[in-house]
Amino acid sequence: MILDIDAGNSSLKWRLSQRDGVIVQRGVCFDESELEGLEVGGAVDKTLERIRVGSVRGDGFASALTEIARRCWQLAPEFALPVRHCAGVTNAYKVPHTLGVDRWLAILAAFNHCRGACCVVDAGSAATFDVVAEDGRHLGGYIVPGLVMQKRSLLEGTAIRLSGEAGWPDDLRPGTDTSLAVHGGIIAMLVDWVQREYQEAARVADSALYLTGGDALLLSAHLLERGIAHTVVRDLVLDGLASALP
């Protein structure tokens, strides 16, 4: 058995798979200490052979997880790191390891899903957009605040106050109250940005578009309304661990 962990800014996704890639169980938690419950509850038993990790959480998390893995399963976690070349992909960054590991893993997974040109959007706390050429060259990307971060920044930096909680709208018509205007404006900005960058990339090469992250389904609904074909992959970062750490 292999335990894969995607340690993002706001949550920890984990997935337990057999050697042949068949998924046995998956889940989400918010703190590394909760992973000990997998051993106590029997979700992860003594047949566990490897722990593969993609983490943006820093050295403190890595040390804590290493101790938990040693105590519960007598294993040392394997941490993925961005490199110059891996699984057919060439990293665009001058200093490869400075590319976020979550972006790197999503790029690896997307390219190996389609084996061709692709654009990868991870819509989470931050929203990222990466472009990969047909031959696997990563051409670079963009990072912007995600939906919740944009909303928080707007409310903290202005005198705007929302009455009630409208949530993210199903359509992008102009809002008829402040809450609708804020939520609709933010999602419209993100959808417009993804559409523009994807169409620009598609002018150069016929590219597949992949979405992942906590807000992927919301973004997907609005892109579908605009006729933008794409694929939502809920665990794209976890998928990339198999390429980075085969």
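C118 is buried, with a relative accessible area of 0%. The model that holds this residue is predicted.

**Cysteines**

C118 takes part in no disulfide. The nearest cysteine sulfur belongs to C114, 4.2 Å away. A disulfide here needs two cysteine sulfur atoms within 2.5 Å, so a separation of 4.2 Å does not qualify. C86 is in no disulfide either; for C86 the nearest cysteine sulfur is that of C118, at 14 Å. C86 counts as buried, at 14% relative accessibility. How many disulfides does the structure hold? The count is 0.

**Nonpolar cores**

C118 also belongs to the largest nonpolar core, which has 24 residues. C118 is among the residues with the most contacts inside this core, together with A80, L105, L108 and L236. Three elements give two or more residues to the core: helix 3 (101-114), strand 8 (118-123) and helix 7 (236-244). Which element gives the most? Helix 3 does, with 9 residues.

L105 shows what this core looks like from one residue. Leaving aside neighbours within four places in sequence, L105 is in contact with G54, A80, L236, V237, G240, L241 and A244. Another core lies apart from the largest one. This other core has 22 residues, including F129, V191, Y198 and A201.

**The open sheet**

Five strands form an open sheet, in the order 3-2-1-4-5. The pairing is mixed. Which strands stand at the edges? Strand 3 (23-29) and strand 5 (78-79) do. Each has a single partner strand, so one side of each is left without a neighbour in the sheet.

Strand 1 (residues 2-7) and strand 4 (residues 50-55) pair in the parallel sense, over 6 bridges. The bridge partner of D6 in strand 4 is G54. G54 is also one of the contacts of L105.

Strand 2 and strand 3 run antiparallel, joined by 6 bridges. S17 has I23 in strand 3 as its bridge partner. The two strands, 2 and 3, form a hairpin with 5 residues between them. In the turn, G21 has a positive phi of about 95 degrees.

Helix 7 lies across strand 1, strand 2 (12-17) and strand 4. Helix 7 runs at about 130 degrees to strand 1.

**Salt bridges**

Side chains of opposite charge can pair when their charged atoms come close. The count for this model comes to 16 salt bridges. Three of the pairs follow.

| Pair | Closest N to O | Relative accessibility |
|---|---|---|
| D130 and R103 | 2.6 Å | D130 1%, R103 6% |
| E197 and R196 | 3.3 Å | E197 13%, R196 49% |
| R234 and D235 | 3.8 Å | R234 54%, D235 6% |

The D130 and R103 pair links distant parts of the chain. D130 sits in strand 9 (residues 126-132) and R103 in helix 3, 27 residues apart. Are these partners buried or exposed? D130 is buried, with a relative accessible area of 1%. R103 counts as buried as well, at 6%.

In the E197 and R196 pair, E197 counts as buried, whereas R196 is partly exposed. In the R234 and D235 pair, R234 is exposed, while D235 counts as buried.

R234 and D235 also belong to a network of salt bridges. The other residues linked in it are K13, R15, R26 and D239.

**H230 and its surroundings**

Where is H230 found? H230 is in the loop between helix 6 (216-225) and strand 12 (231-232). H230 counts as buried, because its relative accessibility of 17% is under the 20% limit. Leaving aside neighbours within four places in sequence, H230 is in contact with L209, L211, S220, L223 and L224. The C-alpha atoms of H230 and A208 are separated by 6.7 Å, although these two residues are 22 residues apart along the chain.

Definitions and conventions
Residues numbered from 1 in each chain as written. Predicted model: local features only at pLDDT ≥ 70, side-chain atom pairs only at ≥ 80, totals over all residues. Heavy atoms only, no water. Core = buried A, V, L, I, M, F, W, Y, C linked by side-chain atoms within 4.5 Å. Buried < 20%, exposed > 50% of the residue type's maximum accessible area, 1.4 Å probe, protein only. Helix = DSSP H or I, 4+ residues; strand = E, 2+ residues; numbered from the N terminus. Contact = heavy atoms within 4.5 Å. Salt bridge = Lys/Arg side-chain N within 4 Å of Asp/Glu carboxyl O. Pairing = 2+ DSSP bridges. Axes fitted to C-alpha atoms, helices over the stretch in contact; angles between N-to-C directions.
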